Each structure stands twice: as C-alpha cells, then as structure tokens.
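Reader: Please take a close look at one part of this assembly. I would like the charged pairs and the places where chains meet, then whatever else bears on how the chains hold their parts.

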Protein chains: 6
Amino acid sequence: MSRIDGRTPEQLRPVTIERGWSKHAEGSVLVSFGDTKVLCTASVNEGVPRWRKGSGEGWVTAEYAMLPRATNTRGDRESVRGRIGGRTHEISRLIGRSLRAVIDYKALGETTIVLDCDVLQADGGTRTAAITGAYVALADAIGWAQGKKLVKAGRKPLIDTVSAVSVGIVDGTPLLDLRYEEDVRADTDMNVVCTGDGRFVEVQGTAEAEPFDRKELGALLDLATAGCADLAALQREALAATL
Amino acid sequence: MSRIDGRTPEQLRPVTIERGWSKHAEGSVLVSFGDTKVLCTASVNEGVPRWRKGSGEGWVTAEYAMLPRATNTRGDRESVRGRIGGRTHEISRLIGRSLRAVIDYKALGETTIVLDCDVLQADGGTRTAAITGAYVALADAIGWAQGKKLVKAGRKPLIDTVSAVSVGIVDGTPLLDLRYEEDVRADTDMNVVCTGDGRFVEVQGTAEAEPFDRKELGALLDLATAGCADLAALQREALAATL
Amino acid sequence: MSRIDGRTPEQLRPVTIERGWSKHAEGSVLVSFGDTKVLCTASVNEGVPRWRKGSGEGWVTAEYAMLPRATNTRGDRESVRGRIGGRTHEISRLIGRSLRAVIDYKALGETTIVLDCDVLQADGGTRTAAITGAYVALADAIGWAQGKKLVKAGRKPLIDTVSAVSVGIVDGTPLLDLRYEEDVRADTDMNVVCTGDGRFVEVQGTAEAEPFDRKELGALLDLATAGCADLAALQREALAATL
Amino acid sequence: MSRIDGRTPEQLRPVTIERGWSKHAEGSVLVSFGDTKVLCTASVNEGVPRWRKGSGEGWVTAEYAMLPRATNTRGDRESVRGRIGGRTHEISRLIGRSLRAVIDYKALGETTIVLDCDVLQADGGTRTAAITGAYVALADAIGWAQGKKLVKAGRKPLIDTVSAVSVGIVDGTPLLDLRYEEDVRADTDMNVVCTGDGRFVEVQGTAEAEPFDRKELGALLDLATAGCADLAALQREALAATL
Amino acid sequence: MSRIDGRTPEQLRPVTIERGWSKHAEGSVLVSFGDTKVLCTASVNEGVPRWRKGSGEGWVTAEYAMLPRATNTRGDRESVRGRIGGRTHEISRLIGRSLRAVIDYKALGETTIVLDCDVLQADGGTRTAAITGAYVALADAIGWAQGKKLVKAGRKPLIDTVSAVSVGIVDGTPLLDLRYEEDVRADTDMNVVCTGDGRFVEVQGTAEAEPFDRKELGALLDLATAGCADLAALQREALAATL
Amino acid sequence: MSRIDGRTPEQLRPVTIERGWSKHAEGSVLVSFGDTKVLCTASVNEGVPRWRKGSGEGWVTAEYAMLPRATNTRGDRESVRGRIGGRTHEISRLIGRSLRAVIDYKALGETTIVLDCDVLQADGGTRTAAITGAYVALADAIGWAQGKKLVKAGRKPLIDTVSAVSVGIVDGTPLLDLRYEEDVRADTDMNVVCTGDGRFVEVQGTAEAEPFDRKELGALLDLATAGCADLAALQREALAATL
C-alpha cells in the first residue's frame with residue numbers, strides 16, 4: 001500500500017522545530033509535522049496558583065486552540081461562541097498532563113509556566129505536534145528562568161524529554177503520523193505520548209469504526225514508540241543548536 | 001497486598017444494575033459499582049440532528065454530570081458557573097463514542113437517543129459505571145422503540161454489548177476497578193472500554209506519576225479485559241430479567 | 001369527585017423520607033411525594049460569605065435543579081445552555097428563604113450550610129417536596145456540626161420545623177398536594193410553606209386561568225395548613241429514628 | 001403610629017401615570033409610586049413564538065430590569081455580569097403572568113406584545129408599580145393595534161384591568177404600599193395583584209423575619225384589595241384622557 | 001437645502017440639561033438633544049481598582065446602554081443575550097476616555113466615579129448627548145465629593161469642560177448634530193469631542209458610503225468645533241444654576 | 001529627534017506582505033509592520049447573512065484577535081474568559097468597515113467573505129497592519145471566487161485598494177507608524193484608513209494625554225496620507241507577483 005504522500009507506513013512527515021519564533025515569549029517554537037503548523041509559546045510567571053502556594057513546588061499548564069481558518073472549512077471562534085468546546089478542553093488537558101510528566105516540581109520551585117499551543121494550519125496530528133513543540137518551548141523557558149535565577153542553580157526541573165505521535169489503522173494497515181485524509185479514513189486512531197526513555201505517558205486509542213484487538217493495539221504501540229523516539233532525537237537536535 | 005475493602009487485585013466491587021428506575025425515561029438504570037452510583041436515562045426522540053437529516057441513519061449521544069455533593073467536598077454547579085468543565089466534556093464525549101461503537105446507525109433509522117448519566121454518589125470509576133449502565137438503558141430504550149415501531153421490525157440496532165472498567169497501578173500492583181482512595185494513589189490510571197466480544201473500543205491510559213512501560217500496560221489490559229467480560233455477563237443477566 | 005389516584009381532596013400522596021442516603025454529605029435525604037423524588041443533601045462549610053464575616057452569624061442557602069429526564073420530555077441541561085432559567089432561580093430562592101425562617105443565625109455561628117435539592121423524578125410538587133426533605137437534611141447536618149463542636153454546646157440553631165405543600169383548585173374543587181396532571185388542569189395553584197406551629201413562611205398563589213376570590217383563597221389555606229401539619233409529623237417521625 | 005412620610009397605614013403614595021412617554025413604542029407609560037419611577041413600554045410584533053404558531057392566539061410577555069443607579073448604591077449591570085439574576089427573572093415572570101391574566105388570547109390573535117419595565121428610580125414597590133404601569137401601556141398598545149387593524153374589529157383582547165400593590169407588617173402594623181425604608185423593616189412582605197373586579201391574580205407573601213398567622217394575612221389582604229381598587233381607578237382615569 | 005426639522009446646517013437641536021434627576025446618585029442629569037434622551041448618573045466610590053491602588057490617583061469610567069425600546073424597533077436586552085455587543089463596548093470606552101481627558105487624577109485622589117449613561121429614547125447622537133450630559137453629572141458628583149471632604153480642599157479634579165457632537169455629510173452638505181433619519185442617509189459620519197478650550201479629545205470619522213477628502217473633513221471639523229462650543233456654554237449655564 | 005529604531009518621523013517600518021501563507025484559505029497573507037505580525041485569512045462562503053438574502057448583494061466581515069502571548073505579558077484568552085473584550089470588538093468592526101468601503105456589493109453577488117486577522121506578534125499598529133494585510137487576502141479570495149465563477153465574469157467587486165497606518169505625537173513630534181514603545185508615550189494617537197486614491201475611510205484620533213489642536217491634527221493627517229500611499233504601493237506590488 002502506498003500512502004497519499006508516498007511515505008512508508010512507519011515514516012514520519014517532514015518535521016521542523018523552529019525555536020525563538022516570538023520576541024516576547026520566554027520560549028517559543030513553530031513546529032510543523034508536514035502541513036500541520038503549531039505555534040507554541042511558553043510564558044514564565046513567578047508564583048503558582050492559589051492551591052499550590054507555600055508548597056515550594058511549581059506548576060505547568062497548557063492551552064490549545066485553533067485559528068478559525070486553520071482547517072479546510074472555517075470554524076467559529078470559541079471566543080465568539082462564548083464557550084470552549086469539548087475537543088479543545090480535552091486537548092489542552094492532554095498537553096498539560098504530558099508536559100507535567102517530565103517536570104520535577106520541587107526543582108522548578110514556585111514558578112508557573114503556561115504553554116500556549118495555537119494551531120496556525122491543521123492537517124492531522126495537531127495535538128501530537130503541539131506536545132512535541134511545546135516541550136522544546138518549555139525547555140527554552142526553563143533555560144531562560146535559570147538564566148534569570150528564577151530557578152535555583154544546580155536544579156534540573158526537566159527529568160526527561162516528552163514527544164507524541166498519532167498512529168492508526170487505515171484499510172487494515174497500521175500507519176504512523178496520520179495526515180487529515182488518513183485520519184478520516186482510520187478505523188482506529190491512537191495518540192501516544194512517550195518520554196525520552198521510551199516509556200508511556202499517555203495512550204489514547206479510539207475505535208472510530210471497528211473495535212480493535214490486542215494484536216492491532218500491539219502493532220500500533222510498536223509504530224508509535226519508534227515514532228516518538230525519532231521525534232525525541234529531533235527535539236534534542238533542535239535544542240543542541242544555539243538559539 | 002490487601003486492598004482497603006479486602007478485594008483481590010482482579011476483583012470488581014459489588015455491581016448492581018437496577019433497570020426501570022425512572023417512570024418517564026424510555027430506558028433507565030441505576031448502576032452501582034460499590035459506592036459509586038450513577039443514574040442513566042435514555043431518551044428517544046424521533047428525528048436526528050440537522051447534519052444527519054435524510055441519511056436514514058440514527059444518532060446516539062451522551063451527557064455526563066455530577067451532582068454537587070456526589071463527592072466528598074461539594075463542587076460548584078456547572079450551571080451556576082455558566083460553563084461546563086473540561087473533565088465533564090471529556091467524559092460525555094467518551095460515553096457517547098463508546099455507545100456508538102455498538103450501534104448500527106442504519107438499523108436504528110432516523111431516531112436520536114440521548115443518554116444522561118448523572119452521578120448521584122462518587123467513589124471512583126464514575127465514567128466506567130456510566131458506560132456500563134448506559135448500555136443497559138440504551139438497550140431498554142431500543143426495545144421500547146421497537147415496541148412502538150419507531151425502529152423497523154427485524155432490524156437490530158445493537159451490534160454487541162459494551163462495558164467499561166478502570167485499572168491502575170498502585171504501589172507497583174495492577175488493580176481492577178479502583179475506588180477513589182486507590183485512584184488517588186495510582187501511578188498509572190487507565191480506563192478501558194470493551195465490546196462483548198472482548199475487543200477494545202477505547203483505551204485511555206495516563207501516567208499520573210511515573211511513566212509506564214509496555215509490560216505494565218500489558219498487565220493492565222489483561223485485568224481490564226477480564227473485568228469487562230464480567231461486566232458484560234452482568235449486563236446480559238440484567239437484561240434477561242423481565243422489566 | 002374522585003382524584004386520578006383515588007385520593008380524597010384533602011389527602012397527601014404517600015410520603016417517604018429516607019435519611020442518610022449519601023455517604024459524603026453531612027445530611028442527606030431522598031424524599032418522595034408519590035412519584036416525585038428529590039435528593040436533598042446538606043453540606044456544612046466553616047465560615048460564611050464575605051458580606052457576613054465577623055457578624056458571629058451563620059448562613060443557609062439552597063440550590064434546586066432537575067435532572068434532564070426527571071420530566072416526561074427531556075429538558076436541556078442548564079449547564080449546557082450556560083445559564084440558569086428563571087424557574088430554577090425562583091425555586092432555589094424560595095427553598096433558601098423557607099429554611100432560613102427556622103434558623104437562629106446566632107446559635108448557628110459562622111457556619112454555612114448549603115442545601116442541594118436535585119429532582120430525580122418529577123410528578124408535581126417538586127419545590128414543596130424539596131423544602132420538606134431539605135429541612136430534614138438540614139437538621140441532620142446541624143446534628144453533625146454539633147457532634148463536631150462546630151456549633152457551640154447548648155445552642156439550638158433550629159427554632160422550629162418547616163414543611164411545604166401545594167394546593168390548587170381543579171374543576172372547582174380545592175385539592176391538596178397536586179400531581180402533575182392535576183397541576184396542569186388547575187385554575188389556581190398555590191404553594192404554602194408553614195412552620196411547625198402552623199404559621200406561614202410563604203404563601204404563593206397564582207391564578208393560572210381564572211382569578212380567585214377571598215373565599216377560594218381561604219379554602220386553599222385551610223387545606224395547606226392541615227397538609228403542612230401532616231408533613232411536620234412525618235418529619236418529626238423520620239428524625240426520631242436512629243440514623 | 002405615624003409613617004415616615006406622614007401617610008396613614010392604608011394610604012397609597014402619590015401615584016402618577018404618564019402615558020405616551022416614548023415616541024417609538026406602541027404604548028408607553030412613566031409610572032411613579034412616590035419616588036419609585038418605572039418606564040413601561042409596550043412593543044407590538046406581528047406573529048407569535050414558534051410554540052404558538054397556527055393557534056390563532058396571541059402572546060404577552062414582560063421583561064423587568066433596574067438601571068444600575070436606580071438604587072441607593074450602584075449595582076453591577078446584568079449585561080456586564082453576563083447573566084440575569086434570580087430576582088430579575090422572578091419579577092419579569094410575575095409581570096408577564098399578571099398581564100396575561102387579563103388577556104383574551106383568541107381576541108388578540110397571533111400578535112405578540114412585549115412589555116419592558118425599566119426602573120429608573122427605586123424606592124420600594126418597583127414590581128407593583130411596573131405591573132400597574134405596564135397594564136396602561138398594554139392597553140394603549142392594543143388600542144394602537146386595533147387602529148392598525150392588527151386586532152380584528154369588534155374584539156376585546158382585554159378582559160379586565162390589573163393592578164398591584166405591596167403590603168407588609170412593620171412593627172406590628174399592617175401598612176399599604178411600602179417605601180424602601182419600610183420594606184427593609186417589615187416582618188412580612190406581600191405583593192398582591194388584583195383584577196379590576198377585586199379578585200386575586202397573584203398573592204405572594206413572605207415572612208422576612210417572623211412567620212405570620214391567618215389573621216395577619218387577612219389584614220394584609222384587606223389593605224391590598226382596597227389599594228388595588230384605588231389603583232384601578234387611577235388606571236381608568238389615565239386611560240380616559242386623550243393621549 | 002432644508003433639514004427635516006427646519007434647522008440650518010450649523011444648528012444644534014434644542015438641548016436641555018436637567019440636573020438632579022435622581023435622588024440616589026451623587027450626580028445625575030437627564031440630557032436631551034431633540035428627541036434623544038439620555039439619563040446620566042455619576043456614582044462616587046471610595047477607593048480605586050486594584051491596579052491603581054496606592055498611586056494616590058483616582059479613576060473615572062463609564063457604561064453606556066440603551067433601553068430595549070429606546071429605538072424604533074425593539075432590540076434584545078444585552079443581559080438576556082448574556083453578552084455586550086461591540087457597539088455598546090465601543091461607546092462605553094469612548095465616553096470614559098472623553099471624561100478622563102479633563103480629569104486631574106492626582107487632584108481627585110483615590111476615588112472612583114462611574115458614569116452610567118442609559119439611553120431612554122434614541123434619535124441619533126446618543127453617544128454625543130451622553131458625553132455632554134455625563135460631564136455635568138460628573139461635575140456635580142465631584143462637587144458632592146468635595147462637600148463630603150472625599151476630595152481634599154483646594155484641589156480641582158476638573159481641568160476643563162468636555163462636550164461632544166456628531167457631524168456628517170448628507171447629500172453633499174455638511175450638517176451639525178444629525179437626527180436618526182439624517183444619520184442613516186449620511187455619506188460620512190463623524191463624532192467629535194472637544195474640551196472647553198476648543199481642542200480635540202476624540203475625532204472619529206467614518207465613511208459610511210463614499211470616502212471623504214481633506215476638504216470635507218475640514219468642513220466637518222469647523223461645524224463640530226462650533227457645535228461643541230455651544231454645548232460647552234450650555235453646560236456652564238446649567239452648572240451655574242443652583243441645584 | 002531620533003526614533004528608537006533610527007527611523008525618520010515620516011518613515012514606515014519594514015513592511016512585508018507574504019501571500020499564500022495558508023493552504024486552506026481562499027486568500028491568506030502574513031503581513032508584518034516591523035515586529036508586528038498578523039496572519040490574515042479570507043474565507044469565501046456562498047450565500048449571505050439572513051438579513052441580506054435575496055438582495056443580490058454580497059457581504060464582507062472581519063474578526064480580529066490576538067494570540068495570548070503576542071504581547072509582552074501574556075493575556076487571558078477571550079475564549080477562556082467566555083467573552084470578547086471591548087478592544088477586540090472595536091477593532092473587528094473597524095477592519096470590517098474599512099474593507100467594505102472598497103467593495104461593490106452588487107458586483108460581488110450573494111457571497112460572503114470573512115477576514116480573520118490573528119495577531120501572532122504585536123509591536124504597535126496591529127489594527128493597521130491587519131487592514132493592510134486583509135485587503136490583500138481579500139483581493140486573492142475574490143480572484144479565487146472569480147476563477148470558480150462564484151463572481152460573475154466581467155464584474156469588479158473591488159473598487160479601490162485600502163490601507164491603514166497609525167500616527168501619533170510623541171514628545172511634540174508627529175511620527176508615522178508607531179512601535180509599541182512610541183505608542184505608549186504618545187500624547188495623541190491616530191489611526192487613519194485611506195483608499196488608494198488618497199481619500200479617508202476612517203480617521204480615529206484620540207488624545208491619550210493632552211488634547212490636540214487643529215494644526216497638530218493637520219500634521220498627523222499629512223503623515224498618514226503619505227504613509228497610506230506607500231502601503232498602497234506595497235499592496236499593488238505584492239498583488240502583481242504571481243502567487
């Protein structure tokens with residue numbers, strides 16, 4: 001089977017991670033997974049939410065959104081509708097949990113970092129691109145905070161890297177990193193978030209059409225684990241460059 | 001290791017499925033998984049949402065909510081706050097997807113069934129109890145619709161049963177059907193939705209503290225598959241009784 | 001004239017008051033007036049709203065809501081619509097005022113008790129059942145607070161009991177405790193809230209069709225006063241039992 | 001006992017009913033009960049709400065609101081808060097019900113009349129002034145509609161007049177038409193809406209401090225019935241003048 | 001060319017400024033520009049918004065709104081719709097900025113004055129009438145605050161007067177103070193806010209149909225400057241009278 | 001006087017207009033005025049809003065928004081707050097009016113074009129950059145619609161070009177195209193929108209500190225007119241290139 005863009009089933013789309021995209025944010029990345037482009041900014045604020053004050057521990061949270069015409073047909077703005085949709089809520093929470101999985105709150109100290117992931121153009125995999133890019137923006141923001149002595153010397157708030165990728169079964173074949181047209185046709189759709197050491201932070205598999213069995217699940221996890229490892233390498237490479 | 005309520009790791013809490021709880025709804029179930037109690041009602045409406053009109057296909061959707069004092073400390077009402085929280089959105093969507101996985105839309109015809117899952121008392125596993133109970137309410141509602149000839153004779157809108165259970169790793173041990181106190185202490189928390197034939201509809205695993213590896217994931221899936229099979233048997237038993 | 005359920009005009013429906021329904025709330029009652037079932041929970045919080053701080057006086061408030069399928073046709077959730085309807089507001093305020101009429105704020109001290117009255121099934125008289133049940137939940141919550149020494153020894157925050165019942169004129173006959181089908185056909189509809197000593201806390205009479213005169217008003221008040229006295233006896237009996 | 005403004009207990013404040021206040025509305029009245037001033041406008045729209053279409057019957061509804069500085073201390077705008085408060089809802093519904101009590105829907109035909117009652121200055125009794133003024137604006141709007149042939153010749157959509165007044169027990173004395181300072185000190189507060197023939201449309205009595213007994217209720221109803229009759233005479237007089 | 005009401009192009013409508021309209025507000029004015037009537041109330045509050053605390057400086061802000069039937073066809077209430085429209089926001093901000101232009105924050109001290117401008121009847125020029133009337137209400141409120149020693153003796157919080165007027169080009173002729181029917185037909189519509197010394201605080205010109213050139217702009221500014229000067233004289237005259 | 005970035009008072013910042021930025025939108029431009037970057041997408045929809053149906057005329061509207069970290073300190077998302085702020089409303093309306101000034105509705109036919117202007121990075125002049133960029137996206141969308149025969153052959157829906165620039169008086173000197181740091185220090189701030197023929201569509205001048213006189217206004221208009229002409233040339237140049 002040949003994929004619409006000629007990739008093999010286990011191949012990622014071209015991935016770019018452009019650091020320092022914004023002049024204002026403490027960390028910022030324009031990440032692209034093929035035609036999916038997400039602007040990830042990290043904002044550092046001294047202090048933590050009220051329920052965490054005095055704990056000596058920091059906090060990391062995320063908000064995801066799509067520009068109205070990021071997609072093929074224009075969607076109404078959630079600000080205009082006056083409410084955030086379920087999908088937006090769900091993805092914002094997923095990104096936040098994924099990043100917090102690699103944070104040592106004690107090492108961060110009472111500092112809050114907010115990741116904004118705004119999809120400028122969508123072609124499938126926006127949440128996984130967002131997590132992958134947001135990690136790099138977060139790393140830059142922590143570097144900035146260390147430079148400003150907001151994080152104490154010698155502490156390492158980041159325990160590991162974290163990246164994410166989508167996988168799915170299309171016409172019976174497990175595929176890595178689905179484009180929108182593949183995603184629409186998938187029987188099963190799964191988003192997998194891994195740490196740099198190859199363990200799982202989140203596994204979210206959904207049978208869009210046909211329920212899946214244990215063997216199919218295994219094949220998808222194999223693909224996703226390899227994909228996340230490739231993304232982790234790209235993250236390390238991006239962070240190794242001088243900003 | 002001994003669990004707080006004396007169960008073995010692979011044991012469900014006492015489960016009850018009380019059909020016909022409400023005099024108004026076309027299907028209604030008060031389901032309990034131990035101290036977790038969820039009232040599930042199914043409402044049948046002729047017609048479908050606008051985007052589905054003329055397709056000859058039906059629709060099934062769900063809304064989940066908690067009473068303010070279902071939990072140990074009172075939560076504000078979402079109606080009073082004027083907006084639905086992310087967690088509520090997420091679970092409502094999960095229940096809807098899970099039920100739709102066993103629906104034959106064509107056989108249902110242009111009829112909509114809304115499942116309302118209201119948590120009267122919470123002690124962990126509210127979303128899995130909701131899915132398990134909602135399936136039975138849905139089956140009763142479809143039976144009602146067949147009696148009223150809203151569903152054409154000879155058609156079977158339900159392809160299979162669907163049930164759900166939570167699993168998690170607590171102090172290194174994989175456990176089935178977590179109570180609230182176990183859930184809070186779990187390193188990994190997973191909700192698994194299975195059809196009656198043992199395949200997966202949803203697998204949602206989250207590392208609450210430590211990332212998990214492939215072997216741990218396997219152990220959790222083993223537990224969940226067995227638990228869902230037990231729940232499917234209880235559903236069949238409940239539906240076999242005369243209402 | 002014979003009523004649809006065979007009652008005499010001055011007869012209440014079967015009333016049950018089930019205390020201790022919830023394991024979490026400090027007071028909880030599942031009250032039923034025939035097929036009308038309302039879950040009333042009382043939540044005790046130390047402290048009072050800001051405008052009352054430092055007064056040495058407590059506060060009691062209430063929120064009323066209906067599950068979407070408590071009624072014969074499903075109603076939209078107020079949380080989904082993003083706003084609370086006028087009827088809900090009106091009834092929540094009525095319940096709060098009714099309970100506060102029997103509270104000695106000084107004796108309660110700076111403690112707040114919130115009563116949540118959620119209608120699980122509706123068949124007329126939901127607000128009067130809510131007041132009647134909420135009083136019992138409130139009494140249990142105050143007992144709990146006294147046990148926890150949140151209320152000072154020797155103080156009696158409850159001055160009297162309070163109960164409520166609906167009355168109406170149907171086909172020219174004044175009737176007590178209307179079911180939904182009677183309520184719909186009533187020319188005049190009145191809700192009356194009485195203290196245990198037989199005085200009025202609230203009298204809310206509305207001409208649904210024909211205006212009513214002084215004599216009709218008198219007949220309705222006679223019925224309601226007797227009905228409230230019966231309910232007060234049932235409340236005392238319920239509270240006399242060991243929880 | 002002497003009242004703060006020298007009135008006897010059974011005396012209304014000076015009442016003025018200024019018709020034709022607005023150049024745009026089909027009916028408009030600036031009504032004052034002493035320092036309470038309410039602008040009531042009636043807007044006539046062809047057609048009725050969806051649920052009433054094809055019935056041949058009309059509809060009358062009302063919205064009540066207060067300007068932010070109508071009261072002694074400024075209140076936040078409900079538009080700014082993004083939600084309507086319970087009190088506003090309650091009063092809007094009361095005004096609507098009161099006016100509908102004197103409407104013959106069939107005679108009105110499929111026409112909707114919306115009454116807007118905006119309190120420009122408040123000194124107690126805003127809802128009763130609103131009902132009393134809105135009736136006159138409604139009568140003018142119906143006259144306008146008859147002139148425009150929107151209401152068929154020979155039909156009388158108004159069955160009777162309707163007026164309203166507040167009564168209360170202050171320091172043991174029943175008083176008519178309370179000013180704000182009296183209202184605050186009242187043990188019992190009652191709003192009564194009567195038709196021109198002296199029957200009741202609404203009786204809403206609330207024990208603000210002490211519960212009230214049957215005899216006190218009787219004294220209040222006596223006062224209110226006489227007060228409403230006086231107001232009905234003022235309404236007739238206002239409507240008898242040439243606009 | 002003759003205007004619909006017989007005015008010359010450079011003539012204001014009859015303007016009235018009625019001080020002391022409300023018994024509650026610290027300053028209040030019912031201003032009319034012809035049939036446009038706006039009730040402006042000024043509310044004085046000790047203290048300032050949080051972001052200004054400790055600065056020793058005061059704050060002045062404004063809220064504009066229209067009654068639903070101030071216009072020829074009834075508009076929905078913004079409180080009912082649950083959100084404030086763009087036009088309302090825009091005008092509220094304009095009024096606030098205009099008044100702040102003549103305030104010496106230091107002289108005012110940490111006091112906040114809120115101007116509420118509610119349009120009771122609209123016939124064009126509601127925002128300019130609101131600014132003109134609100135200035136007078138503000139002056140009265142400051143006088144009140146000086147009397148109460150909330151503003152320190154010898155300080156002059158008002159630097160100058162401020163007034164506003166609309167101008168527009170209708171059928172090629174620049175006109176002052178447009179009525180609604182003129183406004184609708186205008187090619188260009190401009191609102192100009194001037195201080196008493198004839199300088200500009202705001203110039204907001206919009207080409208409703210045809211873009212305008214520098215010469216037309218000049219003609220409009222000439223008209224507006226003269227109109228604002230006339231209004232400033234009327235403001236001084238109104239304030240010179242004993243309240 | 002030397003400006004912070006070395007520009008002369010009458011000099012624009014470097015302006016880039018990058019067409020075809022998005023693969024989904026019918027027209028899309030990433031416009032930058034120095035460090036201000038706005039993504040403008042144009043979405044073409046068949047049909048017009050209800051109030052315009054059957055008129056044979058089209059409609060153009062715009063929505064403006066800022067990403068949360070487009071600015072130096074992170075702003076809350078309007079979708080999260082549940083309401084759109086006054087500034088956003090104001091600018092969206094300004095952009096829409098500006099573009100409609102150069103549209104021939106009849107030539108466009110019953111087609112709606114929505115311009116989304118999302119500020120990715122802000123450094124002053126976001127609304128003027130948005131108008132300037134949105135015009136180009138609009139022109140491309142109209143070209144697309146002509147290619148798809150949605151706009152009839154031979155018709156020219158665009159009458160002229162439209163561009164916008166900010167001007168202001170900083171330390172007594174009139175400056176063109178203010179950066180954020182200049183804008184903050186400006187006494188007067190003006191946004192001017194011109195058509196390609198040099199006439200005005202919008203003139204919005206605000207005295208931020210000191211009121212301005214006629215001569216200062218003249219100097220600002222001179223600067224703005226020249227700046228808009230430069231921008232018009234850049235727009236023409238951008239559109240002359242092959243997409």
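Author: What follows starts at one interface and works outward. The model is predicted.

Take chain F and chain A. How many residues of chain F are in contact with chain A? The count is 36 residues of chain F, against 36 residues of chain A. The size of an interface is often given as the accessible area lost when the parts come together. Here chain F and chain A bury about 3000 Å² between them. Of that area, 50% is on carbon and sulfur atoms.

Charge is also present at this interface. Side chains of opposite charge can pair when their charged atoms come close. Across the interface of chain F and chain A there are 16 salt bridges. One salt bridge pairs Glu63(A) with Arg77(F). The closest N and O atoms of Glu63(A) and Arg77(F) are 2.8 Å apart.

Now stay in chain F. Asp5(F) and Arg179(F) meet in a salt bridge through their side chains, at 3.8 Å from N to O. The two partners are 174 residues apart, so the pair links distant parts of the chain. Asp5(F) sits in the segment before β1 (15-19) of chain F. Arg179(F) sits in the loop between β7 (173-176) and α5 (180-185) of chain F. Are these partners buried or exposed? Asp5(F) is partly exposed, with a relative accessible area of 31%. Arg179(F) counts as buried, at 16% relative accessibility.

A network in chain A comes next. Salt bridges that share partners join a set of residues into one network. Among them are Arg3(A), Asp5(A), Arg7(A), Arg13(A), Asp35(A) and Asp123(A). The network also includes Asp177(A), Arg179(A), Glu181(A) and Glu182(A). Lys23(F) belongs to this network too.

Back to the segment before β1 of chain F. Gln11(F) has its place there. Gln11(F) is partly exposed, with a relative accessible area of 37%. What does Gln11(F) touch, not counting residues up to four places away in sequence? The residues are Arg3(F), Leu176(F) and Asp177(F). Gln11(F) and Pro174(F) are 163 residues apart in sequence. In space they are 11 Å apart, C-alpha to C-alpha.

Next, a pair between chains B and A. Arg199(B) forms a salt bridge with Glu210(A). Their closest N and O atoms are 3.3 Å apart. Why does this pair join two chains? Arg199(B) lies in the loop between β8 (188-195) and β9 (200-207) of chain B, and Glu210(A) lies in the loop between β9 (200-207) and α6 (214-240) of chain A, so the pair joins two chains. Arg199(B) is partly exposed, at 23% relative accessibility. Glu210(A) is partly exposed as well, with a relative accessible area of 42%. Arg199(B) also meets Asp197(B) in a salt bridge, at 3.1 Å from N to O. Asp197(B) counts as partly exposed, at 45% relative accessibility. Over all chains, the count comes to 156 salt bridges.

Disulfides are another matter. The structure holds zero disulfides over all chains. The sulfur of Cys40(A) has its closest cysteine sulfur in Cys117(A), 4.1 Å away, which is too far for a bond. The cut-off for a disulfide is 2.5 Å. Cys40(A) counts as buried, at 0% relative accessibility. Chain B has a pair to set beside this. Cys117(B) is in no disulfide, and the nearest cysteine sulfur, that of Cys40(B), is 4.1 Å away. Cys117(B) is buried, at 0% relative accessibility.

Then a helix in chain E. Helix α2 of chain E covers residues 86-100. At 1.5 Å a residue, its 15 residues should span 21 Å. The end C-alpha atoms are 21 Å apart, which agrees. Twelve of the 15 residues of α2(E) are buried, so the helix is mostly covered. The buried residues include His89(E), Glu90(E), Ile91(E), Leu94(E), Ile95(E) and Arg100(E).

Last, an annotation on chain A. An unreviewed UniProt entry gives "domain: Exoribonuclease phosphorolytic" for residues 11-141 and 160-226 of chain A. Residues 11-141 of chain A are 30% helix and 32% strand, with end C-alpha atoms 30 Å apart. Residues 160-226 of chain A are 28% helix and 43% strand. The end C-alpha atoms of that span lie 17 Å apart.

Methods:
Residues numbered from 1 in each chain as written. Chains lettered and ligands numbered in written order. Predicted model: local features only at pLDDT ≥ 70, side-chain atom pairs only at ≥ 80, totals over all residues. Heavy atoms only, no water. Salt bridge = Lys/Arg side-chain N within 4 Å of Asp/Glu carboxyl O. Helix = DSSP H or I, 4+ residues; strand = E, 2+ residues; numbered from the N terminus. Buried < 20%, exposed > 50% of the residue type's maximum accessible area, 1.4 Å probe, protein only. UniProt positions renumbered as here; feature names shortened; annotations may be inferred. Expected span 1.5 Å × (residues − 1). Contact = heavy atoms within 4.5 Å. Buried area = accessible area lost by both parts, 1.4 Å probe.
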